[in-house]
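Visitor: I would like to examine one part of this protein closely, and to see how that part sits within the whole. Please take it slowly, since I will be following on the screen.

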Amino acid sequence: MIDFGLLLSVILAFGVPSLLAQRWPIASFGELSGDQSEAGPESHSPQSGQHITFIDAVLASGAAAVLVGRLATLALDDPSAIGKIQDMLIIRSGVEFWPGVAAAAAWSAFAAKRAGVGPLIRVAALLPLTMVGYAVYESSCVFRSGCAGPVSSIGLRPDGLGARLFPVGIVMGIAVVLGAVALHRLAQYRVSSPLVVSCGMLVVAAVRSIGSFWLPKLGDGLTRQHQTSLGVAAVAVVLVGATLLRSRRPAH
């Protein structure tokens, strides 16, 4: 049976950034973020400023993200299901977010390296559009059995429920879009690729960490996804601080 809600969410998550890429060209990001300090000799390649579409750039990395994220969930929750194709394909039952993000970033960096482009340059170039795609997916919770959240007088009423729920997913999506816009503008100032990447990590991790307080859960403790996002947020704060300190050091 086809999960049309999930399918529509995925189509929107890829389609909206693809349209936005006409206003935010990936090639211009690569050129603006083309600082040589962390890119190495490959940043001098004539391919560094080549034009690639959003779909071309993220399709393989997106597949890697889903595969690794799904395997991580099964390894943590039900190792016996690994290898059972039917169980592995039930994406709705869980995909670990941050292992998937790490897999996507690693694949994009590997592909960039092979193409003669600085790996961090490519990841930083794709990050704002990718954040928009994630935000669209979160906001499209309305197509996936409704948006979860606390009971509120202002909100949406999912099918089968009599009370309105505050749509946390939509608010999280808006927050990530605002972060993506800020990151896009930051890239125009020729800041280093590590700073762009670490700021993007911080935005997404912070939004997920804060939003998770209002999402439904079992028990009183933090969920695994919530704990992971808090950990990534802490790491991102350190990376942002270290990158800023490094950029202020006088050149010798």
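Visitor: How much area does the protein expose, and what share of it do carbon and sulfur atoms supply? After that, please look closely at the salt bridges: which residues are linked in a network?

Guide: The model is predicted, and what follows should be read with that in mind. The protein exposes about 13,900 Å², and carbon and sulfur atoms supply 67% of that area. Of its 252 residues, 43% are buried. The secondary structure comes to 10 helices and 1 strand, and along the sequence these elements follow the pattern α-α-α-α-α-α-α-β-α-α-α. Among contacts between residues at least 6 apart in sequence, 70% join residues at least 24 apart.

Now to the salt bridges, of which the count comes to 3. Side chains of opposite charge can pair when their charged atoms come close. The network you asked about links Asp77, Glu96 and Arg224, and Arg224 takes part in both of the pairs that follow. In one of them, the side chain of Arg224 meets that of Asp77, with a nitrogen-to-oxygen distance of 3.0 Å. Arg224 belongs to helix α10 and Asp77 to helix α4, so this pair ties together parts that are 147 residues apart in sequence. In the other, Glu96 bridges to Arg224, and here the closest N and O atoms are 2.6 Å apart. That pair also links distant parts of the chain, since Glu96 sits in the loop between α5 (85-88) and α6, 128 residues from Arg224 in helix α10.

The two ends of this second pair fall in separate accessibility classes. Glu96 has a relative accessible area of 5% and is therefore buried, the cut-off being under 20%. Arg224, at 32% relative accessibility, counts as partly exposed.

Outside the network, the side chains of Arg208 and Glu138 meet in a salt bridge with an N to O distance of 3.7 Å. This pair, too, links distant parts of the chain, with Arg208 in helix α9 and Glu138 in helix α7, 70 residues apart. Arg208 is buried at 11% relative accessible area, and Glu138 counts as buried at 14%.

The helices that carry these charged residues also appear in the nonpolar interior. In soluble globular proteins, nonpolar side chains tend to be buried together. Here the largest nonpolar core has 36 residues, and those with the most contacts inside it are Ile26 and Met131. The elements that give two or more residues to this core are α4 (54-77), α6 (97-114), α7 (119-139), α8 (168-187), α9 (193-211) and α10 (224-248). Helix α7 gives the most, with 11 residues.

Helix α9, which holds Arg208, also holds Met201. With a relative accessible area of 25%, Met201 is partly exposed. Leaving aside neighbours within four places in sequence, Met201 is in contact with Trp98, Val232, Ala236 and Leu239. The C-alpha atoms of Met201 and Val101 are separated by 9.8 Å, although the two residues lie 100 apart along the chain. A second pair worth locating is Ala182 and Gly200, 18 residues apart along the chain, with 9.6 Å between their C-alpha atoms. Ala182 lies in helix α8 and counts as partly exposed at 47% relative accessibility.

Besides the charged pairs, the structure holds 1 disulfide. A disulfide is a covalent bond between the sulfur atoms of two cysteines. This one joins Cys141 to Cys147, with 1.9 Å from S to S. The torsion about the S-S bond is about 90°, so the disulfide is right-handed. Both of its cysteines are buried: Cys141 has a relative accessible area of 7%, and Cys147 has 3% relative accessibility. Cys199 also counts as buried, at 18%.

To finish at the surface, a nonpolar patch of about 620 Å² is made by Phe4, Leu7, Leu8, Ile11, Val142, Phe143 and Leu156. Helix α1 (residues 4-20) supplies the largest share of this patch, 4 residues. Phe4 has its place in that helix and is exposed, with a relative accessible area of 60%.

Key
Residues are numbered from 1 along each chain as its sequence is written. This is a predicted model: local features need pLDDT of at least 70, side-chain atom pairs count only at pLDDT 80 or more; totals for chains, interfaces and linings use all residues. Side-chain values use heavy atoms; hydrogens and water are left out. A disulfide is a pair of cysteine sulfur atoms within 2.5 Å. Buried means under 20% relative accessible area, exposed over 50%, partly exposed in between (1.4 Å probe, protein chains only). Contact means heavy atoms within 4.5 Å. Accessible areas come from the Shrake-Rupley method with a 1.4 Å probe; for residues, only the protein chains shown count as cover. A nonpolar core is a set of buried Ala, Val, Leu, Ile, Met, Phe, Trp, Tyr and Cys residues joined through side-chain atoms within 4.5 Å. Patches are made of residues with over 30% relative accessible area and no salt bridge: like charges are joined within 9 Å, nonpolar side chains (Val, Leu, Ile, Met, Phe, Trp, Tyr) within 5 Å. A salt bridge is a side-chain nitrogen of Lys or Arg within 4 Å of a carboxyl oxygen of Asp or Glu.
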